[in-house]
Amino acid sequence: MIHKTLKPFPEDFLWGASTSAYQVEGANLEDGKGPSCQDVKKVPEGTSELDVCADQYHRYKEDIALMAEMGFKVYRFSISWSRIIPEGTGAVNPKGIEYYNNVINECLAHNIIPLVTMFHFDMPAALDKRGSWSNPESVDWFLNFAKVMFENYGDRVKYWLTINEQNMLTLVGPVIGTLTLPEGTTNVLKETYQQNHHMLVAQAKAMALCHQMLPDAKIGPAPNISLVYPASCKPEDIIAAQNYNAIRNWLYLDMAVFGKYNNIVWSYLEEHDAVPTFAPGDAEALANGHPDFIGFNYYNTATCQASDGTEKADPGADQQTARGDAGFYRGYRNPNLTVTEFGWEIDPIGFRATMREMYSRYRLPMIVTENGLGAYDTLEDGRVHDPYRIDYLAKHIEQIRLAITDGVEMMGYCPWSAIDLISTHEGMKKRYGFIYVDREEFDLKTLDRYRKDSFYWYKKVIASNGEDLSPDFKVE
Ligand code: BGP
């Protein structure tokens, strides 16, 4: 639809950006923090870069001041479970509680709303040893962690996100380093979807607990949602795209919003003898968890074609690529899209299509919790010129405005990432931030912060409430 006039961004639109604890904080075993599955894994293999990351643990004041300088209304960060409960269950670490109190208070002192992700890929190592999400007790572990967070921070944190990218944990857990398979697992799909079921129940119970303990707070899921296109208008390709849309996207939101399994996914699991087992009370718990809004990460779309049932899944697929599943769907490289230096497709219009589709299915307000461009940035004479990032972000923000004009209720935009941090599996060389961190993969250098060109540009965008997306900016 081509609109003659565009609706403005709402006045209280939440402009900001995101990070996650294990990628930005460092101090991975400091002040009583227990290790998480990420610290144990080390990214990339053999380095100790997660010990330091962007060192936000020691520099949060400086970082939040820089975010305030950009005009942030919101900062999305995650709480490290093993920093506040080192063993995952049991004793609470006062130093960990204090750290997030400081971060939250610092945000509020700058009029920045804290948007807290409760779980972002970093299961405490102690719980990993007890089977992680494969253990049915994981639901109670998570609920206890939620209670500790609500008790300690609920007086000031009004926006919560449950589990970051649960769909990616389920679809590409080995890439992220989070899938724990108990010894003797024979049906990997069944085991994976059982773990997924535990996460869904944990999420539903956490949403209900939040409403009970913090009646003024709002809570929602944070999956990675991107529309799946059919490779052609062949009816078989449409069915394949519907299949992957269900398995990649709608399973997670149907469950969060309606408390029910998506029927296409359920029948797929039946086919593979992989339906999850419900514990007593699970069905009620799933029906009783209601999100107030939907948070979602968007990087790009996926494209699928029909599968003839013979091809193999692509084991090298990353978070954004359709791996294929014989007889169900087959991944396809969209020839209409360019890709980033790291091979991720770029699709701003697909962003609008995704927002439209999500809103017409669920009719809840939505906030973008991640979107952004990973690139090799370079620091030259104290400056980082990143016109490619400005271009990427401008094109995506433009599509949010179009979606708003289409009638989609958008609450805010938190691109990835506020500051350079360690990538999920590509180390420090792949940068996303508005703020450059002076370190290399294996050389910690000064860890000083530098404003990138995109920093000044985003500041202007926020000041104009999204009206001025032109590539020019003022260096102050
Ligand atoms: C999302 C994760 C983030 C982040 C981002 C970029 O899937 O939620 O934690 O890392 O992707 O991915 P990558 O770091 O692999 O480029």
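Over the ring of which residue does the charged end of Arg83 sit? In this predicted model, the charged end of Arg83 lies over the ring of Tyr99, at 5.6 Å from the centre of that ring. A comparable arrangement involves a lysine, for the charged end of Lys430 sits over the ring of Trp344, 4.0 Å from its centre.

Aromatic rings also meet one another, and the structure holds 34 aromatic pairs. One of them joins Phe13 and Trp15, whose ring centres are 4.7 Å apart and whose planes stand at 70°, so this pair is edge-to-face. Both Phe13 and Trp15 are buried, and ring pairs link these two with Phe9, Phe72, Tyr413, Phe434 and Tyr458 into a cluster.

Another pair, Tyr299 with Tyr432, has its ring centres 6.3 Å apart and its planes at 75°, so it too is edge-to-face. This pair connects distant parts of the chain, since Tyr299 lies in the loop between strand 7 and strand 8, while Tyr432 lies in the loop between strand 13 and strand 14, 133 residues apart. Tyr299 counts as buried because its relative accessibility is 5%, and Tyr432 counts as buried at 6%.

The helices offer a further view of the packing. Helix 10 (residues 235–258) and helix 11 (residues 263–271) pack at an angle of about 105°, their axes 8 Å apart, and the two helices are therefore roughly perpendicular to each other. Where they meet, helix 10 contributes Gln242, Asn243, Ala246, Ile247 and Leu251, and helix 11 contributes Ile264, Val265 and Tyr268. The residues of this contact comprise six nonpolar and two polar ones, with no charged residue among them.

Technical notes: Residues numbered from 1 in each chain as written. Predicted model: local features only at pLDDT ≥ 70, side-chain atom pairs only at ≥ 80, totals over all residues. Heavy atoms only, no water. Axes fitted to C-alpha atoms, helices over the stretch in contact; angles between N-to-C directions. Helix = DSSP H or I, 4+ residues; strand = E, 2+ residues; numbered from the N terminus. Parallel < 35°, antiparallel > 145°, perpendicular 65-115°, else oblique. Contact = heavy atoms within 4.5 Å. Nonpolar A, V, L, I, M, F, W, Y, C, P; charged D, E, K, R; others polar. Phe/Tyr/Trp six-rings, centres within 6.5 Å; stacked < 30°, edge-to-face > 60°. Buried < 20%, exposed > 50% of the residue type's maximum accessible area, 1.4 Å probe, protein only. Lys NZ or Arg CZ within 6 Å of the ring centre and 35° of its normal.
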